[in-house]
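Trainee: Could you walk me through this one slowly? I have the sequence and the structure open and would like to ask as we go.

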Amino acid sequence: MTTPLLPREHYLNIRYGIASWLLTKDHKRIALLYLIGITVFFVLGGAFAVLIRLELATPAGDMVSADTYNKLFTMHGVVMVFFFLIPSIPAVLGNFLVPMMIGARDLAFPKLNLISWYIYMLGGIFTLWAVVVGGVDTGWTFYTPYSTAASNTNVVATGLGVFITGFSSILTGLNFIVTIHRMRAPGLTWFRLPLFIWAHYATSLIQVLGTPVIAITVLLLALERTFRIGIFDPALGGDPVLFQHLFWFYSHPAVYIMILPSMGVVSEVVACFSRKTVFGYSFVAFSSLAIAVFGFLVWAHHMFVAGMSVYAAMVFSFLSFAVAIPSAVKVFNWTATLYKGAIWWQAPLLFVFGFIGLFTIGGMTGLFLAALGLDVHVHDTYFVVAHFHYIMVGGAIMGYMAGLHFWWPKMFGRMYPEGWAKFAALVVFVGFNLTFFPQFVVGYLGMPRRYHVYPEEFQVLNVMSSAGASILGVGYLIPMVYFIWSLRYGKVAGPNPWGATGLEWTTQSPPLTENFTVTPVVNEGAYEYSKRETRVV
Amino acid sequence: MSDSASAEASAGRHHAALQHQFDTMEQQQESATLGMWVFLVTEVMFFGGLFMAYLLYRVWYPAAWADGSRELDILLGGVNTVVLIGSSLTMALAVRAAQTGFPRATVNWLLATMALGGVFLVIKVFEYAHKVELNHVPGPNFVFEGPHARQVEIFLSLYFAMTGLHALHMVIGFGLLSVIAWMAYKRKFSPEWYAPVEMSGLYWHFVDIVWIFLFPLLYLVDRAH
Amino acid sequence: MWSGLPLFPEQASTVASQVDNLYFFLVALTLVFSVLIAGLMVFFAVKFRARNTAQVGAPITGSVPLELLWSIVPFGISMVIFAWGATVFFTIARPPDETINIYAVGKRWMWKFQHIDGQREINELHVPVGRPVKVTITSEDVIHDLYFPAFRVKADAIPGRYSTVWFNATRPGEYHLFCAEYCGTQHSGMTGKVVVMEPAAYQSWLSGGVGEMSLAARGQRTFQDLACHTCHMEDASGRGPSLVNLFGSQVKLADGRVVTADEAYLRESTLNPQARLVAGYQPLMPTFQGLVNEEGLMGLIEYIKSLQSAQNAR
Amino acid sequence: MSGHVSPKTVSYTIFASLMVLTGITVAVAFINLGPLNFPVALSIAIVKATLVILFFMHVKYSSRLTKLVVATGFFFLLILFTLTMTDYLSRGWLTYPVGAGAPPAATQAH
């Protein structure tokens, strides 16, 4: 076997200079711009998390003041949710891969794609500006009337940042929907699409249908705060609970914006490394759409103790259990895919194993919260914090890591160091569980979230959590180092180092600007591994 | 994967407006239309949040809603409805002119649309100015006589938020149409490619639809009580 | 002072065990499914490990019976959890008919409690063991949440509205009381303790507050200070309706609707009298917004509650 | 290009219908229909919007996909309205005896 060389010409070296990046319309370059942006925000949000965990290592409020602590968890939430998790997989991997996977030269609206990135950065700058000039302390949920009448921090600036970034999310979703409908290669029918595409299609639906509602809600919030117009202010006859309805109408489906693309990654990786087609392809595909649609019917399960009607609570509880089914179907199908596969233990698969395990726990604990009588006790405690971190960190970020490793050779033409990657997967898994498992326990004990000081009997569990967080931090730092290292020193990957199916693997790595020299024609399903004789490596 | 050359690669001749990521003008046009519709759906949801707030407080405060509704000038609102529906007609005719290849007519209908849009906005400005005079603008200086003053303030808040956002959309539409009219004047469009005219048309009609709901919901409801 | 590694909260109310039973069921279920999934995953990953680079997986594409199995079984299980959770919730949401009533007002950053007999407490709540207690909650500023972990209940304190939480304490002792809805700087300082006492000790604690007027008596004083009595006379001769026997009755409104005169109605009619005007009366009453605070309102309500004519008293 | 070209007469007819409907909705506003006021005004508005969507916006002649997109938008709007109102309209349903509570005997006499 000869060592392959990098192709002479590809999207990275075709043009040089700042302008060739900042004015690019190439979806792959825009994906990298996003990669840089969200990595910066991930590090920032992570830094806030580190400070939070340091403060909580002792029961007393001895490291930072109460106001500072409140700003820390608010900024952690805002940055991680709106500037990291929501754009993470769609804007980086989705941007890079959606056109390649469907055999297109670019997204349907390349200029709009670039504009989306600028909008994202503009929103980010607004938010950073809000941080620099004093931060915001409302919690990422911006509940009224605290955010409108009581808080004296930069609520409007942060809200504006979220509002602006929302349009980036909308435009990305719009671009994907049109691209997937209109730009598929000849022969690439819906049921030959990779499940990654199905997942992104479902994600885009949520982005397009949900995000406008948070935009108008934040706008009303800003108006309320500035002019005291009374829409959410009980002192003026308004209803603060209406804010919660509108907020969660977007923000619950937003959780699926984070997790669905990860599920898409998992399907690709599981299929590739067990050399099999995904078990129950159409069930996995439709479960993505089911999650997207049902996800819009369950939002008020965040509000069971918020003074809503008992009967509405029952309706929302029932619907919440319904949304659990398509998620369960996915997990069972992935597990079944492994059966009688030819399992190839590579780092992306290890991250995916982490995803499946942690997502199962995260999903099951979601049932605790959907069960009305139990939710009354655990609502707004660390149990909830643990649950959504199992979904968002254990699920979404694990999937993101898996995807980043899996397609890294395609993006840059070079391999990451396999041994280090396996080690990082292990460290992240251990660190994650040590951080967040104790929070289930401390939450059931009754420790409320967003507490700066807490009763002493909760300390042991909090110390465990803080210790885990430091391990988790290391787990995320290792890949950052070796990814950068690999850009120069990594082994040259060749077009298809995994021997994977999928149109993106039929081109050179890194690909040409126009992706394909000839538009590919598809005549088989997405994961025809069993028809293959040998692995390409 | 088969690497047989695709049909369009050998087709050779490309329309000047065809972007590199599309194979055919038809694909490009369909994509633009779909994209515009998806965008309009986001607009529906955007206004939807406001309509939700409207619905809730209407159910809660029917009497205040009647009082607030009576504060609005039904004549001006009615005239504006006629003006805006008229502008939708001229817009539809502009699209038709572009489709059938009459650039002069396209420009004229677009200008007519913009003129009607301008009339709408001017009337809106007069309505707002009147509200300012009466201190009917929600906020610290709000003054309203009557038993439901505070709830009427919510009604007027929603009135300003809804009509204000609507007016903002009109202004954006006005800007869009001026660009399109200029392009039409420069003979940029042909029956093969008039996507921008059609897209602006969809947008303009959408703005019209929002008003079709705002007019009865704000100006007319419970007036007879 | 921390006592090692606690894993489970104290059970100190009648619903606590109901909530915990559901919790244990779900923990067991989570364990079963997690072990099942993780076990199968690891087992398959080891057993079907690729022996060489050319090996491909078996051509299995799926199985509709299996899909149906793992859709329907989880659905069935989740419906059981739903029904169970809803049942427990209903118990938590609906107070028993006979309760000791306590009023709570959340204010940044303290909890103020008022007992019917007149005792007032801040960040401390004394209740007897073995008797259902209903706490009527509101807030003076932002949303708070009154949370008793040992009783497994909580409810948001929403400005402008009343919410209720009830519990029946089963074990004397001192338990945490938290604010569970983020409310600003000292959110984590808005805590306190609930003291569950033996009935005798509770009685003596109640009578310990010498000189304290009962809540209704305080309300009566407010009623007179605000000159409410000049219009709301005991017979129906005033400009406003009589308030005797009002509480709990059905009130016919000017717009034809009929409402039950509960706490929320009395509160609204004080602050925003024209919102639900009683049939047959002119909209003359001014608003008392700003003239009476939440605690004063609770006194007024308790006073109006006490205005029961002899034959109507229960 | 294969966009639908609608005859001018269709545009004028639709415009005329919209004008008539506007007239009706204004006229109806001055008649007290009691609880029917709101539904009537809303129904007329929906009819008008439908006319604009179908004819001015060419949806009547568009692909199934476009129709689906339009329907999806309104469907999710309806979800927002109905599920939120589920809460607000059922708030008062859970009733318990409001006389609830055992007022101490001292305060009962009056």
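Trainee: How many residues does the contact take from chain A and from chain C?

Mentor: Please keep in mind that this is a predicted model. The contact takes 85 residues from chain A, and 82 residues come from chain C.

Trainee: Which helices of chain A supply the side that touches chain C?

Mentor: Those that each supply at least two residues include α3 (66-101), α9 (281-294), α10 (310-338), α14 (418-445) and α15 (459-489) of chain A. The largest share of that side comes from α10(A), which gives 15 residues.

Trainee: And what classes of residue make up the side of chain A that touches chain C?

Mentor: That side of chain A has 52 nonpolar residues, together with 22 polar and eleven charged ones.

Trainee: Chain A touches chain D too. How many residues does that contact take from each?

Mentor: Twelve residues come from chain D and 14 residues from chain A. On the side of chain D that touches chain A, seven residues are nonpolar, three are polar and two are charged.

Trainee: Let's move to chain C. Which domains does its assignment give?

Mentor: The assignment gives domain 1 (11-35 + 67-212) and domain 2 (215-312) of chain C. The centres of these two domains, taken over C-alpha atoms, are separated by 29 Å.

Trainee: What does the contact between domain 1 and domain 2 of chain C take from each?

Mentor: It takes twelve residues from domain 1 of chain C and nine residues from domain 2 of chain C. On the domain 1 side, β1, β2 and β5 (132-139) of chain C each supply at least two residues, and β2(C) gives the most, with three residues. That side of domain 1 divides into four nonpolar, five polar and three charged residues.

Trainee: What is the strand order in the open sheet that has β1 of chain C in it?

Mentor: This open sheet of five strands has the order β3-β2-β1-β5-β8 (chain C), and its pairing is mixed. At the edges are β3 (120-122) and β8 (163-168) of chain C, each of which pairs on one side only. From one strand to the next, the twist averages 25 degrees.

Trainee: Which strands pair in the antiparallel sense over six bridges, starting from β1 of chain C?

Mentor: Strand β1 (residues 100-107) of chain C pairs in that sense with strand β2 (residues 110-115) of chain C, and A104(C) stands opposite F113(C) in β2(C). On the way to β5(C), β1(C) is joined by seven bridges, and those two strands run parallel. There, the bridge partner of V105(C) in β5(C) is T138(C). Then β5(C) and β8(C) run antiparallel and are joined by six bridges, with F167(C) in β8(C) as the bridge partner of V133(C).

Trainee: Why is β5(C) largely enclosed by the rest of the structure?

Mentor: Seven of the eight residues of β5(C) are buried, so β5(C) is largely enclosed by the rest of the structure.

Trainee: What about the open sheet with β4 and β7 of chain C, what order does it have?

Mentor: That open sheet of five strands has the order β4-β10-β9-β6-β7 (chain C), again with mixed pairing. Because β4 (124-128) and β7 (153-157) of chain C stand at the edges with a single partner strand each, one side of each is left without a neighbour in the sheet. Neighbouring strands of this sheet are turned by 20 degrees against each other on average, direction ignored.

Trainee: Which helix packs on that sheet?

Mentor: Helix α3 (residues 199-208) of chain C packs on it, touching β4 and β10 (192-197) of chain C, and the helix direction makes about 130 degrees with that of β4(C).

Trainee: Changing topic, which residues touch the most other members of the largest nonpolar core?

Mentor: Of the 389 residues in that core, they are V269(A), V352(A), A402(A) and V38(B). The core also draws at least three residues from each of domain 1 and domain 2 of chain C.

Trainee: What does V38(B) touch?

Mentor: Leaving out residues up to four places away in sequence, V38(B) touches L174(A), I177(A), V178(A), V208(A) and V69(D).

Trainee: Last one, on chain B: which residues are buried in helix α3 (residues 62-71)?

Mentor: In that helix of chain B, A64(B), W65(B), D67(B), G68(B) and S69(B) are buried. The buried residues of α3(B) pack against α2 (25-60), α6 (149-185) and α7 (195-220) of chain B.

Note on methods: Residues numbered from 1 in each chain as written. Chains lettered and ligands numbered in written order. Predicted model: local features only at pLDDT ≥ 70, side-chain atom pairs only at ≥ 80, totals over all residues. Contact = placed C-beta atoms within 7 Å. Nonpolar A, V, L, I, M, F, W, Y, C, P; charged D, E, K, R; others polar. Pairing = 2+ DSSP bridges. Helix = DSSP H or I, 4+ residues; strand = E, 2+ residues; numbered from the N terminus. Axes fitted to C-alpha atoms, helices over the stretch in contact; angles between N-to-C directions. Core = buried A, V, L, I, M, F, W, Y, C linked by C-beta atoms within 7 Å. Buried ≥ 20, exposed ≤ 12 C-beta atoms within 10 Å, placed from the backbone. Domains from an automatic or database assignment.
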